[in-house]
Structure formats: C-alpha cells, structure tokens
Amino acid sequence: MRKIKNIFLVTLITYLLIELVCFVFIKTKFKSAHFPQFSFQYNYTAYDFPIAEISDHWGTWHYPGKYVEKKQCFESVYNINSYGARDKERSRSGDTGRIVLLGDSFMEGYGLNVPHRFSDQLEVLTQKEVMNFACGYFTPTQEYLVYKHLATSFDHNTVIIGILPFNDLAEDDTSFHEQDKFVHYQPYFVSNGSGYQLIYREDKLSKSTFNKAGYAALQNTGKERLNRFLKEFSFWYNIYQFIRTSKPSVNKMEKPYSGYYDFTEAQLKKLEFILEQLKKTSGARRVIVLTLPVQNDFLRYNGSGIPPLADKLKTFCMANDIGYEDLLGEFAKKVKNPSELYFNCDGHWNEKANQMAAEIVLHLLRK
Amino acid sequence: MKDILVDFWNYLRQHKKWWLVPLIIIIFLVGFLLAISGSSALAPFIYSLF
C-alpha cells in the first residue's frame with residue numbers, strides 16, 4: 001500500500017513539475033503555442049467560428065452574427081453583418097466615392113477589433129466608406145468572385161485587393177486541400193491550354209463538410225474530444241503539438257518560404273489572369289493591388305531593391321491601368337524590427353501594421 | 001549514455017531515492033526545451049494564416 005502511495009506521489013509531483021515548466025516555456029519562449037483556457041469545451045456543443053463554406057459562388061464566407069476569436073495575445077470580436085461581411089451594415093446605394101476592400105484574413109483584420117483594422121483606419125483617414133468584403137481563407141479567385149457576385153451591387157468607385165504572397169499563390173490551386181480533413185467546395189481557375197476555366201472542387205455546395213454540421217461531426221469523435229481536452233487542460237500537450245508541427249516544416253528548408261521569391265511562373269500567370277478579370281468586372285473604377293508581407297518575407301528581403309514577385313506585378317499592373325503598392329518594401333523602410341508589426345502569438349498583422357498600411361494606401365489614393 | 005542511465009536507475013532502486021525521479025525528468029525536459037527554443041530551427045516558425 002505504501003509503495004502504491006509513493007508511486008502515486010512521485011507521478012503526481014513529476015506531472016505538476018512538467019506542467020509548470022511547460023507553462024513557463026509557453027509564456028516566454030513558445031508564445032505561438034496554444035495557451036490552455038481550462039474551460040470545458042471538450043464536449044463539443046457549438047460551432048464557435050464564423051467562417052464556413054456557405055456560398056454557391058465563392059464557397060467560404062461568414063455566418064451572420066457575433067463571434068469571439070481568442071488567443072494568448074488578443075481577443076477579437078467578429079460582428080458579421082446581414083450579407084455575411086465582417087463589416088457594419090452598408091446600403092447598396094450610397095456615395096459613389098466608396099471603396100471596396102477584398103482580401104483574406106489580413107484585410108479582414110484577424111485578431112483585431114473594429115476600430116483598429118486596416119479598413120476602419122482607412123475609412124477614418126479618407127473620410128470615405130471602406131466596405132470590407134475580405135474573409136479568412138480566401139484565395140484571389142474567391143476575392144474576385146465575391147466582388148463579381150456581391151460587392152459590385154454596392155456603389156463604389158475604387159477596389160483595393162490585398163494579396164498575401166505567403167499563401168495566396170499556393171492555395172489557389174487544386175492540389176491544395178487534397179489532404180484536408182474537410183471536404184471542400186472551393187472554386188479554382190485551372191488552365192485549359194488557351195485560357196482558364198472556373199471549376200469547383202466539389203460539384204455541389206451541399207457536399208462540403210467545412211460548415212457547422214461537418215465541423216460537429218468531426219469534433220465529436222473520441223480522438224478529437226481527447227485532443228481538445230488535452231489542448232485546453234494541459235501545457236505539455238500544447239508544447240508537444242507546437243514542436244511537432246513547427247520543426248519538420250522548417251527543417252525541410254534552408255531558407256524560410258517566401259511567396260515573394262518562391263512563386264512559380266504558373267502561379268503568377270494565374271494571379272495576373274484573376275487581376276485582369278477583376279479589372280474588367282470593375283469597369284472604369286480604380287483598382288489597386290497591394291502585396292502584404294508576413295515575417296518570413298522580411299527574412300528573405302535584403303532591405304533594398306524589389307522582390308521578384310513585386311517587380312513582375314508592378315510591370316503587369318502598369319500595363320493594365322491598375323495601381324500597385326508592395327507593402328514589404330514600404331514596411332521595411334519604416335521599421336527596423338519587423339516583429340513590431342505582428343502579434344507575438346500569431347503571424348497576422350497587429351494594429352500598428354494596419355495603421356501603417358492605411359497611411360501608405362491613403363498616400364496612394366491621393367496620387 | 002545508456003550506462004549512466006542504467007547506473008542511475010540501479011542507484012535509485014538500491015537506495016530508494018524515488019524523490020529524485022521528478023528532478024531528473026525536469027532537468028532533462030528543461031534542457032531539451034532550452035535547446036529547441038534556442039535553435040534557429042524554430043525561430044522562423046511556420047504559422048497558420050488564413
């Protein structure tokens with residue numbers, strides 16, 4: 001009996017010490033690892049994320065309503081309006097000087113609350129309505145389609161599209177999502193020899209499982225429940241997951257991946273095609289393309305000159321009467337340490353980067 | 001390395017110093033985590049961006 005008691009005590013003390021050490025490391029060294037919330041979420045009851053595949057035309061979009069996205073370094077409220085944009089209600093008719101904003105999570109303002117996002121700050125600076133149609137997970141194809149099928153019904157005279165070279169080029173391809181745990185209804189432009197053809201990964205939206213029902217089915221398996229329990233009630237598991245997912249990806253590369261440098265010619269051609277379609281659909285309206293950097297891009301940027309992707313897009317945009325600004329070069333001029341521009345627990349832009357981007361775009365709009 | 005661990009295990013068994021087990025595990029864990037966090041391998045981490 002005494003032996004069992006001793007084993008139990010030693011095991012308990014060991015576990016508590018491991019947890020203490022892992023807590024200290026998450027707080028100080030592995031800030032990007034998930035921080036357990038110690039809340040009983042492991043019995044899945046509700047879909048607590050606003051994004052799902054719910055649009056017939058462009059797939060991924062927001063469920064209307066209010067949601068909270070929480071991480072170690074931010075707590076962000078998502079207020080989704082009646083037509084599914086993370087924006088306040090906008091009337092379809094209005095001042096013709098309004099701006100439509102397209103993009104992914106960076107333009108949507110992931111991790112930020114409403115007054116601090118790029119679109120909010122640009123609205124204050126320009127004194128014009130900036131209508132945010134960005135959505136997390138979007139690819140340039142989806143950004144074009146949401147413009148064509150939704151945003152064009154709102155009066156405006158300027159379109160701004162934010163391209164994230166880090167993932168927008170690679171994810172806008174049928175090879176992406178092949179290993180995904182969800183069945184996706186995602187639109188892609190695929191080359192058919194003479195041009196591009198719009199296809200969808202599944203032929204019907206109803207086949208997608210990236211939605212409330214699909215998420216519930218996936219999250220209610222025993223494995224996922226255990227995973228969620230450990231994630232929310234232990235520090236060691238989050239460090240284990242962080243190391244497991246981070247290390248192999250980095251070890252494969254001598255240099256960190258940067259879409260500014262590592263894109264392929266086929267990816268560039270497709271992006272140019274999508275931008276051409278956007279320009280055509282916009283009619284006589286002004287179109288501005290922004291390229292948005294992540295921290296990895298700064299590691300590859302030598303501080304001067306133009307990265308190859310920015311150089312090619314600049315030439316393309318000039319030839320097609322499209323405005324262009326690369327924010328990697330602009331940000332690099334303004335800050336010595338790029339980490340000042342990003343959340344310390346997540347790779348998205350913080351408030352400072354959004355403000356800086358809004359000021360740069362204001363300058364561009366006044367040209 | 002294996003010999004050291006075997007010797008250490010024998011020492012724990014013979015002298016019944018089981019309270020040393022948590023300390024040794026923690027020393028190894030801290031060493032491992034320091035080595036990982038200090039290496040450049042994890043510095044430019046791959047993060048999920050939407």
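A residue is taken as buried if 20 or more other C-beta atoms lie within 10 Å of its own, with the C-beta atoms placed from the backbone. By this criterion, in the predicted model described here, 4% of the 50 residues of chain B count as buried. The secondary structure of chain B comes to two helices and zero strands; the elements described below belong to chain A.

In chain A, an open sheet is formed by five strands, which follow the order E6-E5-E7-E10-E11 and are paired in the parallel sense. Strand E6 (130–132) and strand E11 (323–326) of chain A occupy the edges, and because each has a single partner strand, one side of each is left without a neighbour in the sheet. From one strand to the next, the twist averages 20°. At one of these edges, strand E10 (residues 286–291) of chain A is joined to E11(A) by four bridges, the two strands being parallel, and within this pairing A:Val289 has A:Tyr324 of E11(A) as its bridge partner.

An antiparallel pairing is found elsewhere in chain A, where strand E8 (residues 187–191) and strand E9 (residues 196–200) are connected by five bridges. In this pairing A:Pro187 is placed opposite A:Tyr200 of E9(A). E8(A) and E9(A) form a hairpin with four residues between the strands, in which A:Gly193 adopts a positive phi near 95°.

Helix H14 (residues 351–365) of chain A lies across three strands of chain A, namely E7 (158–163), E10 and E11, and runs at about 150° to E11(A). Contacts of H14(A) with two further helices, H3(A) and H13(A), were also examined. The axes of helix H3 (residues 118–126) of chain A and H14(A) come within 8 Å and cross at roughly 45°, and the two helices are therefore oblique to each other. The crossing of H3(A) with H14(A) is right-handed. On the side of H3(A) the contact is made by A:Phe118, A:Gln121, A:Leu122, A:Leu125 and A:Thr126, while H14(A) contributes A:Asn354, A:Gln355, A:Ala357, A:Ala358, A:Glu359, A:Val361, A:Leu362 and A:Leu365. By class, the residues of this contact between H3(A) and H14(A) comprise eight nonpolar, four polar and one charged.

For helix H13 (residues 327–334) of chain A, the axis comes within 11 Å of that of H14(A), with a crossing angle of roughly 110°, so that H13(A) and H14(A) are roughly perpendicular to each other. This crossing of H13(A) and H14(A) is likewise right-handed. Here A:Leu327, A:Glu330, A:Phe331 and A:Lys334 of H13(A) meet A:Met356, A:Ala357 and A:Ile360 of H14(A), and the contact has five nonpolar, no polar and two charged residues. A:Ala357 thus appears both in the contact with H3(A) and in the contact with H13(A).

A further helix pair in chain A is that of H4 (residues 140–149) and H10 (residues 265–282), whose axes come within 10 Å and cross at roughly 10°. H4(A) and H10(A) are therefore roughly parallel to each other. The residues that make this contact are A:Pro140, A:Thr141, A:Tyr144, A:Tyr147 and A:Lys148 in H4(A), together with A:Leu271, A:Ile274, A:Gln277, A:Leu278 and A:Thr281 in H10(A). Six of the residues in the contact of H4(A) with H10(A) are nonpolar, three are polar and one is charged.

Definitions and conventions
Residues are numbered from 1 along each chain as its sequence is written. Chains are lettered from A and ligands numbered from 1 in the order in which they are written. This is a predicted model: local features need pLDDT of at least 70, side-chain atom pairs count only at pLDDT 80 or more; totals for chains, interfaces and linings use all residues. Axes are lines fitted to C-alpha atoms, for helices over the stretch in contact, and angles run from 0 to 180 degrees between N-to-C directions. Angles under 35 degrees count as roughly parallel, over 145 as roughly antiparallel, 65 to 115 as roughly perpendicular and the rest as oblique. Two residues are in contact if their C-beta atoms, placed from the backbone, lie within 7 Å. Ala, Val, Leu, Ile, Met, Phe, Trp, Tyr, Cys and Pro count as nonpolar, Asp, Glu, Lys and Arg as charged, and the others, Gly among them, as polar. Two strands pair if DSSP finds at least two bridges between them. A residue is buried if 20 or more other C-beta atoms lie within 10 Å of its own, exposed if 12 or fewer, and partly exposed in between; C-beta atoms are placed from the backbone. A crossing is left-handed if the near helix is turned anticlockwise from the far one by less than a right angle, and right-handed if clockwise.
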